[in-house]
Amino acid sequence: MNTLAKHRLDRARRLLVTGAVVGSGVAVILGVLSPAAVVPAYRFVAFACLSPALGSMIFALIHRTTGGRWGDALAPFLAAGCRLAPWIWTLVLLLVFFAPDSATRWPDYGSRAMLALRGGIGAALLFALSIPLGRKRTAGTAWVGPVGLIVLVFTLHILADDWLVALEPGWHSTAFPVVWMSGQAVAGLAVAILAALVCGGSPREGHGESRALGLDWGNLLLATLVFWCYVAFAQFLIIWAGNLPREIAWFVRRSHGFWAAVPLLLLAIHFVLPLAVLLSRTFKRSAIMLGLVAFTLVVAQVLYLAWLILPGFPRFDWAGDGLAFALVGSALALFFHRYLAGAEGRLERS
């Protein structure tokens, strides 16, 4: 890593620490004013930090399966996210103490003990996957990619049902785990590209005999965000056109007040604007434009998670809403600080 890139990285990490401290102070004040919002806000924050970490794991496994220069350049950043994923999931597991006490008891599937057991098995699998993904890709570890993808997809399907779908009893969507996972993939790839640019990576690299890296990064980002938009809209269309009352009620709860504007905002910043930029070969070679799109998609996924999680709880007041967003800003700042620290260590060893 050159001196300029290290200086930029150190400055970014100092700004992130400052932002985390300020956000934590605001969150403490708002938490005192609205204590009932603390647990829902914690759930939102935990999943907001988990998304780019699990997204990093998804793309690290894809790279182990397919190879490619795009992944070689992003490998230190994907590995940093993979290392954080199981630790963040253990923070999510703390929510089992606040899970509603259902009428069922062990060993029934819906009991709190079984929820904790499935979450613990998920944590063990994430730790097991993070170990080989934190090491360099070799011929002897080629099996990690395809086997890991199968294990991760099945694990995340179960975890999505347990920790997100189950927030609202009576609602279910077989497409939801795919929507959630593809959103994590968007966040993970966007964060990796953003971190690579902060650390001095150039999307113009590769001119000559090989393609510019920015073209591959931009195309992957475009394909991933379009897939997320497709499955998210398809889920809504099938439920609405099918006139399924219990499933439609889930969308109705998210169509009041501020939340009613979120889908339109996501249409703009998660589809129209990124699509306009990423269809241009010139913009995909620009560090500023590519970084701007990556940052916008990270913000869009955080907003989507807020729309997904928070309306499932009793209506927040202004302090509750403020607590959720102050806390998520502080937590994401700490996440990115640790993420960049892990990536820096891998860059210095390479």
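The second largest cavity in this structure has a volume of about 50 Å³. Keep in mind as you look around that this is a predicted model. Leu164, Val165, Leu167, Glu168, Trp171, Phe176, Trp250, Arg254, Leu308 and Ile309 line that second largest cavity. By kind, its lining has 8 nonpolar residues, no polar ones and 2 charged ones.

How many cavities of 30 Å³ or more does the structure hold? There are 2, and the largest has a volume of about 60 Å³. Here are the two side by side.

| Cavity | Volume | Lining residues by kind |
|---|---|---|
| Largest | about 60 Å³ | 9 nonpolar, 2 polar, no charged |
| Second largest | about 50 Å³ | 8 nonpolar, no polar, 2 charged |

Now for the walls of the largest cavity. Four helices each supply at least two residues of its lining: H2 (38-66), H6 (176-198), H11 (287-309) and H12 (318-349). Which helix gives the largest share? That is H11, with 4 residues. Among the lining residues you can find Ala48, Ser51, Pro52, Ala187, Gln301 and Phe336.

Another spot to visit is proline 76, placed in helix H3 (residues 69-93). Is proline 76 buried or exposed? Its relative accessible area is 13%, and because buried means under 20%, proline 76 counts as buried. Leaving aside neighbours within four places in sequence, proline 76 is in contact with Ala343, Arg346 and Leu347. Leucine 290 lies 214 residues from proline 76 along the chain, and their C-alpha atoms are separated by 19 Å.

Technical notes
Residues numbered from 1 in each chain as written. Predicted model: local features only at pLDDT ≥ 70, side-chain atom pairs only at ≥ 80, totals over all residues. Heavy atoms only, no water. 1 Å grid on protein atoms, 1.4 Å probe; cavity = no way out; pocket = protein on both sides within 12 Å on 5 of 7 lines; lining within 4 Å. Points joined across faces, edges and corners; volume = space filled by probe spheres on them. Nonpolar A, V, L, I, M, F, W, Y, C, P; charged D, E, K, R; others polar. Buried < 20%, exposed > 50% of the residue type's maximum accessible area, 1.4 Å probe, protein only. Contact = heavy atoms within 4.5 Å.
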